[in-house]
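Welcome! Here is a short briefing to read alongside the structure.

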There are 2 protein chains.
Amino acid sequence: MTAADRVYQIIKQRILNGWYTAGSYVREAAIGEELDYSRTPIREALRRLVSDGWVEAIPHHGARVVGWTQQDVEEVFELRVLLEPQVVRRAAKRIHESQLGRLNDLANQMEALCQRSDEEAVDQIALLNNQFHAELVAAAESPRLQRLLETIVQVPVSRRSFHHYTREELLSSMQHHREIIRALILQEGEWAAAIMRAHILAARTAQMRQNKHGNCSNAARSAVR
Amino acid sequence: MTAADRVYQIIKQRILNGWYTAGSYVREAAIGEELDYSRTPIREALRRLVSDGWVEAIPHHGARVVGWTQQDVEEVFELRVLLEPQVVRRAAKRIHESQLGRLNDLANQMEALCQRSDEEAVDQIALLNNQFHAELVAAAESPRLQRLLETIVQVPVSRRSFHHYTREELLSSMQHHREIIRALILQEGEWAAAIMRAHILAARTAQMRQNKHGNCSNAARSAVR
DNA sequence: TCGAGCCTAGTTGCATACAACTTTTTAAAA
DNA sequence: TTTTAAAAAGTTGTATGCAACTAGGCTCGA
């Protein structure tokens, strides 16, 4: 792993954590001195963050952390509603036994955690949920589709995911997972796609309700699948 | 415009032209010496090309130009069939008079060129067609959707577009343009989306027929909208 | 007091030298 | 002859110094 890779992940994590707030500039020299790297790997990391859409480059003036508006969140969900069903549509034709097994394990673990309802359990569920979606994307076997979703969704591995859900919504979400698995076993791509569409629209509703009340900029990024 | 920008465009153009063939390595020192730049802007250009999906970075070994398989082309069309209808679905709610006017102009010019059927006319049509789609994407007012399509479609400004079409297909394609405009005027997003879907599927058919016969690697990139 | 032009501070953009890593070649030993 | 290890060549990765550019403040003039 190169220095640029490390710097990339550090800066990205800091943006997610709110260390760098939206609109602030990330100075090459400053962070370079702090992390004890030269400006070269910092520059490369920033350029990658620019092409990932985390920061925007102002020519000759630096890299500014982008802010998220309600409209941005809407846009992301609009695209996910298209792309994530396509993931399972493809996966239905291609998925292997072993992958179905892992999906089942993940669903079991998530449901077990649903009994509890403390903060930590919710964080755990969010983590497992991300793995669930990652497994589906892998089963879809489309590098481009994977790339598009990765650049769009930008889920932090960290917190906040699933916290907007009511208990009812949470249980419903678990049902979706089960039903998607059943559809995939039967290789019913359209069925799986329909459920996934509902799954995303439900997430969208929960997210929107939250954003209407509270702050937007950071909550936006914790958009949950 | 910075040096890195220039180098980026030059390398990209060379990949499109076939100057750099698939699988070959683009050496930083070599091209730097040739274009009389230092390795720094070359590196930056290459990194951008990597994140655009034109080349792949092999750690400590360089940037290799990616090749296109039939499967890659399939993947691209599969995504365009999802995303391009979404473009007009959004555009129907947002498009302005002036944009509709420009779309109409473009359609007129393309149809005029359809009378002729020499090579140059076909090239011209391809160019205008790209402008047509760009105008639609602009009207959709979704930066993310725009970015996704730009990274996926990768149409070279150059040649080969529309050359796979039979005369019948070409005329049909012109009809699609007209019908999309009509639907947009009436703000009928779903109608416009349906035509666009057919438009892309038709392009896919023409492209696939071509790839079955001839070479793939470069023809693939000339995928026409 | 207001405005225009200039200047200075600060930042990014680029060039170059060196370090690290990977691959290939070559030579020696089995 | 084959295998293995070492070294040598070539490439990318990083550090650093200088150049170019931008923004904000300051001075000078109206």
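To begin, some vocabulary: Ala, Val, Leu, Ile, Met, Phe, Trp, Tyr, Cys and Pro count as nonpolar, Asp, Glu, Lys and Arg as charged, and the others, Gly among them, as polar. This is a predicted model, in which local features need pLDDT of at least 70, side-chain atom pairs count only at pLDDT 80 or more, and totals for chains, interfaces and linings use all residues. Residues are numbered from 1 along each chain as its sequence is written, chains are lettered from A and ligands numbered from 1 in the order in which they are written, and side-chain values use heavy atoms, with hydrogens and water left out.

**The surface near DNA strand C**
- Five nonpolar, eight polar and six charged residues make up this surface.
- A residue is near the strand if one of its heavy atoms lies within 4 Å of it; of the 19 residues around DNA strand C, Arg39(A), Arg43(A), Ala3(B), Ser38(B) and Thr40(B) come nearest.
- Sugar and phosphate account for 70% of the DNA strand C atoms that come within 4 Å of the protein.

**Polar contacts with DNA strand C**
- A polar contact here is a pair of N or O atoms within 3.5 Å.
- The side chain of Arg43(A) has an N or O atom 2.7 Å from a phosphate oxygen of DNA strand C.
- For Arg47(A), the distance from a side-chain N or O atom to a phosphate oxygen of the strand is 3.4 Å.
- Thr40(B) instead has a side-chain N or O atom 2.8 Å from a base nitrogen of DNA strand C.

Technical notes: A polar contact is a pair of N or O atoms within 3.5 Å; within protein, one must be able to donate a hydrogen and the other to accept it, and residues adjacent in sequence count only if both atoms are side-chain atoms.
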